[in-house]
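Open the structure in your viewer and keep the selection tool ready. The stops below go from one pairing of strands to the whole chain and then to single side chains.

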Amino acid sequence: MAEITNCPELSNVDVSDNNITDVPQSIAMLKKLRYLNLTNNNIDDLPAYIGTIESLTKISLEGNSMRRIRRGILEKKTSELKKYLVGRLTNDDLKAFYEAESGESDRLPSFWHYAISDGTGVKKLKLNSKQIEEIPPQAWEIPFKSVDFEDNKLSTIPDEILNISASLKRLMLSQNVLREFPAVICSLSNLTELSLKQNRISSVPSSIASLEKLESVDLRSNRLASCPEGLLKIRKLRILYLGMNSIRNIDSICELKDSHLEHVDVSNNNIGSLTPNIRFHRKLTYLNLENNEIQKIPPEIALCPVLQHMPCTGNAVRNIQYSIISKGTQSVLDYLRNKLPEDILIAESASYAAPSQTSGADTSASSGAFPSAHHDTQMTEKPKRSSAS
């Protein structure tokens with residue numbers, strides 16, 4: 001079958017009903033191939049390079065054992081089979097293939113120059129700082145897990161991104177010129193991390209709530225005037241960056257019940273107040289309030305059991321002296337806790353004592369002392385951001 005590859009003009013190849021056991025990798029050189037009929041042979045696998053033939057729209061494989069490719073993959077459309085095959089290639093495989101084809105690495109398609117293998121195949125695409133105005137169509141032919149188009153000139157995201165929605169978990173689109181939140185993103189159901197920092201987005205559609213697996217969102221340095229309500233409906237959301245916008249009110253964040261939020265940055269906005277119900281954020285460890293218009297920090301915030309970092313300089317806070325603020329988060333929280341009414345402290349201690357008494361454990365809560373997980377930390381210190389990639 002290798003001789004066939006010496007005929008680059010072929011568009012249809014029928015080698016059915018033979019005793020072929022192997023398909024040569026060189027078949028990928030048939031750049032005009034549209035139909036490949038391999039039925040009724042002795043083939044148990046296909047070369048991954050077949051997936052690189054852009055013109056190929058149909059492969060017939062009936063009557064072969066195909067032991068090395070799952071039946072579920074074989075039953076799908078040819079386009080899905082091609083994606084699967086290319087996903088088995090490493091970045092070195094692809095580079096070697098295109099160098100052999102073109103004769104020089106400088107002529108490699110830029111798309112493949114920046115495909116990165118994680119050892120099991122091509123899983124990441126990194127094309128940042130390339131002055132790209134439109135995403136090349138080839139980007140959506142491979143089942144990438146991570147796509148990075150940061151620092152370009154993108155104004156839209158094509159619907160073709162849905163071609164990799166089953167695999168895509170991380171999408172980085174910071175530092176572009178997006179004026180609207182790309183609605184197609186709301187259909188990327190497996191997305192866990194999204195960055196749209198430094199664009200020109202003024203609102204986020206409520207349909208983003210459908211991204212149930214989303215854990216981290218970065219919308220800093222945009223033109224948001226309010227907190228995106230749809231985001232707050234995502235149960236798995238842990239990290240939320242909203243700094244450097246024009247948000248005036250975060251009551252919707254404060255009023256969340258059973259929230260999984262751990263890290264929230266709302267610095268450099270126009271926020272005027274916080275509501276006492278922020279106390280119900282049981283997993284919140286970091287809250288950046290710097291450079292807003294907050295005049296009063298509610299004492300109830302000291303009841304957040306694991307809050308460790310709360311930068312709040314750059315506000316006109318009147319209920320806490322600056323000498324206390326300047327000492328760091330622990331000093332602020334200790335001061336605010338001492339301002340809480342005794343009945344609130346007793347009720348809060350009781351809520352911790354109940355499960356401890358049930359288990360028979362001897363804890364500080366059972367003796368009436370409020371449990372504190374706060375650490376003595378300067379408020380300029382930030383925790384390391386966990387990666388969702």
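Select Asn37 and Ser60: Ser60, in β3, is the bridge partner of Asn37. This is a predicted model, in which local features need pLDDT of at least 70, side-chain atom pairs count only at pLDDT 80 or more, and totals for chains, interfaces and linings use all residues. Residues are numbered from 1 along each chain as its sequence is written, and side-chain values use heavy atoms, with hydrogens and water left out.

Widen the selection to residues 35–37, strand β2, which pairs with β3 in the parallel sense over 3 bridges. Two strands pair if DSSP finds at least two bridges between them. Now add the rest of this open sheet, whose 3 strands run in the order β1-β2-β3 with parallel pairing. At its edges are β1 (12–14) and β3 (58–60), each paired on one side only.

Show the whole protein chain next. It has 8 helices and 12 strands, taken as DSSP runs (helices H or I, at least four residues; strands E, at least two) numbered from the N terminus. Of its 389 residues, 49% count as buried, meaning under 20% relative accessible area with a 1.4 Å probe, protein chains only.

Then select Trp140 and Phe149, both buried. Their ring centres are 6.5 Å apart and their planes at 55 degrees, so the pair is tilted (centres within 6.5 Å; planes neither under 30 degrees apart, which is stacked, nor over 60, which is edge-to-face).

Last, select Arg220 and Tyr241: the charged end of Arg220 sits over the ring of Tyr241, 4.2 Å from its centre.

How values were computed:
Buried means under 20% relative accessible area, exposed over 50%, partly exposed in between (1.4 Å probe, protein chains only). Rings of Phe, Tyr and Trp (its six-membered ring) pair if their centres lie within 6.5 Å; planes under 30 degrees apart count as stacked, over 60 as edge-to-face and the rest as tilted. A charge sits over a ring if NZ of Lys or CZ of Arg is within 6 Å of the ring centre and within 35 degrees of the ring normal.
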